[in-house]
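Let's take a walk through this one, starting from what is bound and working out to the chain around it. Have the viewer ready.

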Amino acid sequence: MKTITINTKPFNDQRPGTSGLRKKVKVFQTPHYLENFVQAIFDTQTDLRGGTLVLGGDGRFYNREAIQVILRMASANSLKRVLVGQGGLLSTPAASCIIRKYQTDGGIILSASHNPGGPDEDFGIKFNTPNGGPAPESVTEAIFQRTTSITQYDTVESQSIDIDTLGESILGNTTIQIVDSVKDYADLMMQLFDFERIRQLFDSGLFSMRFDAMHAITGPYATHILEGLLNAQPGTVMNGKPKVDFGGGHPDPNLVHAHELVALTSGSNAVDFGAASDGDGDRNMVLGRNFFVTPSDSLAVMVASAHLIKGYSDGISGVARSMPTSQAADRVAKKLGLACYETPTGWKFFGNLLDDRKITLCGEESFGTGSNHIREKDGLWAVLFWLNLLAIKQQSVETIVKEHWKTFGRNYYTRYDYEAIDKAAAEGLMDHLRNRLNHLPSQELNGYLVEYADDFAYTDPIDGSRSERQGIRIGFSDGSRIVFRLSGTGTEGATLRVYLEAYEADPAKQMQDTQSVMNNLVETALVLAEIEPRTGRTKPTVIT
Ligand code: VG1
Ligand code: CO
């Protein structure tokens, strides 16, 4: 098969963000746009030549077309083998699992995660390294640098490659192997959790749950595992068929976008347990009956109870959370004498800590939790962790969390997102805050005494790499905290995220409504950052 070399010109906007390169589908459809980025991966990740790549995506619009493009380029770039999820589908955690299990030289995941899909919506691509994790900044930066000087890419001419039939085919010198998207992942889950015990919970008839796959990638995984292997009632998984446009929805598992599920966990006929996952299956939301578990609390509960779960019964080595995530997990770590790390936003920063066995569990406030079983956050894993815990404790989600607060205190937590605001205004707002940082300590703001104020920077304890300007933190003497950062996953204008947390040790004061507890702190944040005058927004787009 003849390699065809195509001349191209660099695009100047291919620097990956928090999690890969995300743009509108229309941008990815620009001639050579996808190809340039893929060639930059092959040019910089030289082990892929003669090596094996894992390839799959969340099934969104343009997934299938992009897979064809990448397979042809993989052949032209002398890859020995490509493992493709059947139908081009792989959840992000399943891709990580397969990369690790078959010791491949990396993977390409096609997804814009929780962003909507469709011809006018978002698409994304990211490279995962041989440890199964998102490429660290050194790698994404090298790929980006390559895109700025690229002049040609290689491909082959071929008919459309069958990606729907399991088995192997040959493209030039490259073997294309279509693999079951679900099996390896389900096998790994069986090693970590007590499926027998969870099955008993479902068989008892006393427990009901719903899982909202939001028409995204986890449908087939959840149906196979929950309804197939664990005997949950048929219909437990809702919106289980992946659709290219996620049914027109926003595949983001939070109280706003998963409202259908929220309704099923509310009221007198509510189910006992509700869970949802995002576009690519790495996020999770956990709900009890009339009860929402914040992702930060979910991580803390997991750390406190990991010893009860089969896969972690030998104990955990430590925990990490992203900087804006609440400090609930820190409190557990402290009590248990575990190491606790604070990393910048994005799963890539957990990779070294996991590889070096410094941590076993980690999480982010953005509905992400995971462990050393793979190198991505893992939505269904978190759901199974909770199911396993419910089966062991025979308590409600609400009781488990409230007991947790009694022991460790409660970190009230909320996040305000201002989406698609003017980029210059957003940067101006951040600059203004940065300029004030030095003056803030020991000042009183709206009754809160500032203890520290900084722009978070992180030095990786394993490779010493340094990441600056990762978000502005303002800590107060009562343990509360405000964090400001700009999103690195959006595709329109800028998104400002304001993260707020307040600590309450007294059990008598732990049952209040989050928004009323946070009111004053929110007000303080809005005024301090001059949000309305600078962005024109009187209200956030989403509150979680
Ligand atoms: C967001 C979240 C971050 C998460 C990232 C990728 O990033 O805040 O915690 O790791 O999305 O998640 P940002 O830069 O927009 O705040 V996923 O599920 O979209 O891959
Ligand atoms: Co995701």
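Below is a short tour of the two ligands and the residues around them.

Keep in mind that this is a predicted model. Begin with ligand 1, which sits in the second largest pocket. A total of 18 residues surround it, and the closest are Thr18, Ser113, Ser366, Gly488 and Thr489. What is the make-up of that shell in nonpolar, polar and charged residues? The split is 10 polar and 8 charged, with no nonpolar residues.

Now zoom in on the oxygen atoms of ligand 1. One of them has a polar side-chain atom of Thr18 at 2.5 Å. For Thr489, the distance from a side-chain N or O atom to a ligand 1 oxygen is 2.5 Å as well. Asp282 joins in too, with an N or O atom of its side chain 2.9 Å from an oxygen of ligand 1.

Asp282 also takes us to ligand 2, a cobalt ion: its OD is one of the donors there, alongside OD atoms from Asp278 and Asp280 and the OG of Ser113. These coordinating atoms lie at 2.0 to 2.1 Å. And Ser113, remember, is among the residues closest to ligand 1.

Along the chain, the cobalt donors follow the spacing S-x164-D-x1-D-x1-D. Take Ser113 and Asp280 as a pair: they are 167 residues apart and link distant parts of the chain. Ser113 is in the loop between strand E5 (107–110) and strand E6 (122–128), while Asp280 is in the loop between strand E12 (273–277) and strand E13 (284–288). Are these two buried or exposed? Both Ser113 and Asp280 are buried.

Note on methods: Residues numbered from 1 in each chain as written. Chains lettered and ligands numbered in written order. Predicted model: local features only at pLDDT ≥ 70, side-chain atom pairs only at ≥ 80, totals over all residues. Heavy atoms only, no water. Near = heavy atom within 4 Å. Polar contact = N/O pair within 3.5 Å; in protein donor to acceptor, adjacent residues only side chain to side chain. 1 Å grid on protein atoms, 1.4 Å probe; cavity = no way out; pocket = protein on both sides within 12 Å on 5 of 7 lines; lining within 4 Å. Sits in = over half its atoms within 2 Å of the grid points. Nonpolar A, V, L, I, M, F, W, Y, C, P; charged D, E, K, R; others polar. Donors = N, O, S within 2.8 Å, 3.2 Å for Na, K, Ca; no water. Helix = DSSP H or I, 4+ residues; strand = E, 2+ residues; numbered from the N terminus. Buried < 20%, exposed > 50% of the residue type's maximum accessible area, 1.4 Å probe, protein only.
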